[in-house]
Amino acid sequence: MTAPTSGARGTARPAPTGPHSRNEISHPQRIAIIGGGPGGLYAAALLKRLRPDREITVHERNAPDDTFGFGVVLSDETLGGIEHADPLVYEALQQHFTRWDDIDIVHRGAPHTSGGHGFAALGRKRLLEILHDRCHALGVDLRFRSEAPAGLQETHDLVIAADGVNSTTRETYAHEFRPHVTTHHCRYIWLAADFPFDAFRFEIAETEHGVMQLHGYPYAPDASTVIIEMHEDVWRAAGFEDLDETESVERCAKIFSEALGSRPLRSNKSAWTTFRTVVNEHWSHGNIVLLGDAAHTAHFSIGSGTKLAVEDALALAACLEEQPSIERALAAYEEERKPVVASTQRAARASLEWFENIGLHLDQPPRQFAFNLLTRSRRVTHDNLRLRDARFTSAVEREFGCPPGTPPMFTPFRLRGLTLRNRVVVSPMDMYSATDGLPGDFHLVHLGARALGGAGLVMTEMVCVSAEGRITPGCTGLYTGRQADAWKRITDFVHAQAPGTAIGVQLGHSGRKGSTRLMWEGIDEPLPDGNWPLVAASPLPYKPYSQTPRELTRAHLTDLREQFTSAARRAARAGFDLLELHCAHGYLLSGFLSPLTNHRTDAYGGTLANRLRFPLEVFDAVREVWPEEKPLTVRISATDWAEGGTTGEDAVEIARAFAAHGADAIDVSTGQVVAEERPEFGRSYQTPFADRIRHEAGVPVVAVGAISSWDDVNSLILAGRTDLCALARPHLYDPHWTLHAAAEQGYDGPGVVWPAPYRAGSRRPQTGRTDGPKPRLKLGS
């Protein structure tokens, strides 16, 4: 999401017709709400209950009993907020909830159940009736079959636009709200069945046209919501495009007859649709504010649409009470809700994409498939799933091959002749602390400390193959014998003092991103003096103010290939256990791979096969001189996060090509190729690219990107989304991150070994007690 271009983030701006004095009002009295869904109705009830003298009108274009969904799921957290804010609504909801704890996952006829999840659902129509009754009792003016009149912002102190995903208000002021709407790749239809499922049920159907899935859950003693979903290509191949509503419903019931017990499905003006993720840069404009789906959407597979709308209403009502003006209240509302919604949308996006690509995982063992599905959004993890259902999680671990009491992260992994004792990698991190390319005492302490910290593999920063291939004057190299000797001092220390820990070297060349200042002096900023000439696939500067590189000629390519092989020979002599070729982040070899940075017209440009040519030539040359028994991996950027750049499909082909040439694993990073990138940051945000490459290219992968906890590592490994996890910043925060992960999980086995001098620290230090004595007697008054 990009930052607003004018004003502070979340600040309300003047109304469409000019400065609006109502923004100065401390508490709005006349409020218009557009949209009579759960969010709009609940906002009306809350605001009226807080100040009964308010005049609140809700405009709803449909009839009171019109509703186009079936069941609604609410979390305990949301219900707690409702109970606190309006006990009467909470009590009414409680009377109609259907509750259950289990999730059933049926894959290739094998059912697996995970318990302890805790769901509460009721019919959407019943929810609306409860909110209608509450609004009527409080004196809210509900106007059904009523289009919101124009000019409400002029006649009311506050206008709340809760008019849904197709919000007219949002589109009318699109230049102010700046919405970004993403249409996704699956078709789905909301249906119902006249019986209750025993649990939240996921059923997979592998048809001649492709994979289809059923999402079902009970919402009443005699009814369940049923959502049928499939990729757009499958939907078209199966002929649903040509079926009417009745035919579609009958066809879905037939496909999932086993799950339905051969019972029919029913519809309610149900139509196949494509999910759209709505994000707005701004949520308010003057005295108009967006709420619920008008402001944001989250995929139904994590059940958050109504939840988010109700929580929006709670937050908006609170901010209007707490803040001295409408302007301040709307800014506070946006500031409070945006991070929560963004987090939910990231989880929903991960879940949505998992289902879009469900075919990648179908060949997994049934229990691992079930675990993968349960942890798809990254909100349910290995650790909290163990708390919910230890028996299920233990069964998945046994199937994976975890010895008793061994977390997945501490299982070994073999690459060629190297066996890593655990799945943790200290990711390459540039330290910019070398002189003339020489690693010194800093590097010895930095890498040595992390090797002592228990990781299975410790990687160097990008080590440059020539002086001109450095990013900054502080980058290390392997272009002289003296540098090789300095590196051997470090590898000798690791092998002697941290036996069982492997150390790998990452070889690379900066390309067009070289000759810049140290990171803390101005990242990507050219040196003020002492610049060296740059070379690249094409003469394109990284940034407008960056130096323009010289396009490499055939003769230069031959020289560069020799620089890489010479550095690889020195790396072998220096005693490294693994070598990684850096083909990511816009550096020289990456610059050949991306169509955004490779504009060549010779045999090294144009098609992906041509763009791969030089990186593969370098890889082959390095593999020839690198010891046969030692693994050689490749780091790639799986997407450029920019239009016209490397795509996920390209990344799979790139990985396949390197694997065909003998790469033992692909280290899957993303971005940093072009300055105008727009990454979608978030926890573990790069792992879906590794997951796809692992399953489509059939090559081991290293996942990177905001993996921050040992719980994340266990989850990703056990779900089969990656083979190894590389962590950077956590290892800067805590060099002994892996040792502490073992201690916190109560693990003491061969997957991690405390150095003898550190063993006394293998348990958490004692702290002072903070609990007081428990009361022993209860005396009467």
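**Entry 1: strands 1 and 2**

I began with strand 1 (residues 30-34) and strand 2 (residues 55-60), which pair in the parallel sense over five bridges. The model is a predicted one, and I read everything below as such. For the register I looked up two positions. Ile33 stands opposite Val58 of strand 2, and Ile34 stands opposite His59 of that strand. I then checked the cover on strand 2. Five of its six residues are buried, so strand 2 is largely enclosed by the rest of the structure.

Next I asked which sheet holds these strands. I found an open sheet of six strands in the order 8-2-1-9-16-15, and its pairing is mixed. At the edges I noted strand 8 (141-144) and strand 15 (284-285), each of which pairs on one side only.

**Entry 2: salt bridges**

How many salt bridges does the structure hold? I found 38. Side chains of opposite charge can pair when their charged atoms come close. I looked up three pairs and one network.

The first pair I took was Asp363 and Arg108, whose side chains meet in a salt bridge at 3.1 Å, N to O. I placed Asp363 in the loop between helix 12 (326-356) and helix 13 (366-374), and Arg108 in the loop between strand 5 (103-107) and strand 6 (110-114), so this pair ties together parts that are 255 residues apart in sequence. Asp363 counts as exposed at 66% relative accessibility, while Arg108, at 48%, counts as partly exposed.

I then took Asp194 and Arg266. They form a salt bridge in which the closest N and O atoms are 2.6 Å apart. Asp194 lies in the loop between strand 10 and strand 11 (200-207), and Arg266 in the loop between helix 10 (257-260) and strand 14 (273-280); the pair therefore ties together parts that are 72 residues apart in sequence. For Asp194 I noted 54% relative accessibility, which counts as exposed. Arg266 has 30% and counts as partly exposed.

Arg386 and Glu397 came next, with side chains that meet in a salt bridge at 2.5 Å, N to O. Arg386 belongs to helix 14 (residues 382-388) and Glu397 to helix 15 (residues 390-400), so here the parts tied together are 11 residues apart in sequence. Is Glu397 buried or exposed? I found Glu397 buried, with a relative accessible area of 10%. Its partner Arg386 is partly exposed, with a relative accessible area of 28%.

I closed this entry with the network. Salt bridges link Arg187, Glu232, Arg236 and Glu241.

**Entry 3: surface patches**

I looked for charge on the surface and noted a patch of negative charge where Asp244, Glu245, Glu247 and Glu250 gather. Asp244 sits in the loop between helix 8 (232-237) and helix 9 (245-255). Its relative accessible area is 42%, so I recorded Asp244 as partly exposed.

I also looked for a nonpolar patch. Met519, Trp520 and Ile523 form one on the surface, and together they have about 350 Å² of accessible area. I found Trp520 in helix 18 (residues 519-522). Trp520 has 54% relative accessibility and counts as exposed, because the cut-off for exposed is over 50%.

**Entry 4: positive phi**

Most residues other than glycine have a negative phi. I looked up two residues with a positive value.

Where does Arg178 lie? I placed Arg178 in the loop between helix 7 (174-177) and strand 10 (179-193). Its phi is near 55 degrees, a positive value in a residue other than glycine. Arg178 is partly exposed, with a relative accessible area of 29%.

His585 is not a glycine either, yet its phi is positive at about 65 degrees. I found His585 in the loop between strand 24 (578-583) and helix 20 (588-593). Is His585 buried or exposed? At 8% relative accessibility I entered His585 as buried, because buried means under 20%.

Note on methods:
Residues numbered from 1 in each chain as written. Predicted model: local features only at pLDDT ≥ 70, side-chain atom pairs only at ≥ 80, totals over all residues. Heavy atoms only, no water. Patch = residues over 30% accessible without salt bridge, like charges linked within 9 Å, V, L, I, M, F, W, Y side chains within 5 Å. Areas by Shrake-Rupley, 256 points an atom, 1.4 Å probe, with all protein chains shown as cover. Salt bridge = Lys/Arg side-chain N within 4 Å of Asp/Glu carboxyl O. Lys, Arg positive; Asp, Glu negative; His and termini not counted. Charge placed at Lys NZ, Arg CZ, Asp CG, Glu CD. Helix = DSSP H or I, 4+ residues; strand = E, 2+ residues; numbered from the N terminus. Buried < 20%, exposed > 50% of the residue type's maximum accessible area, 1.4 Å probe, protein only. Pairing = 2+ DSSP bridges.
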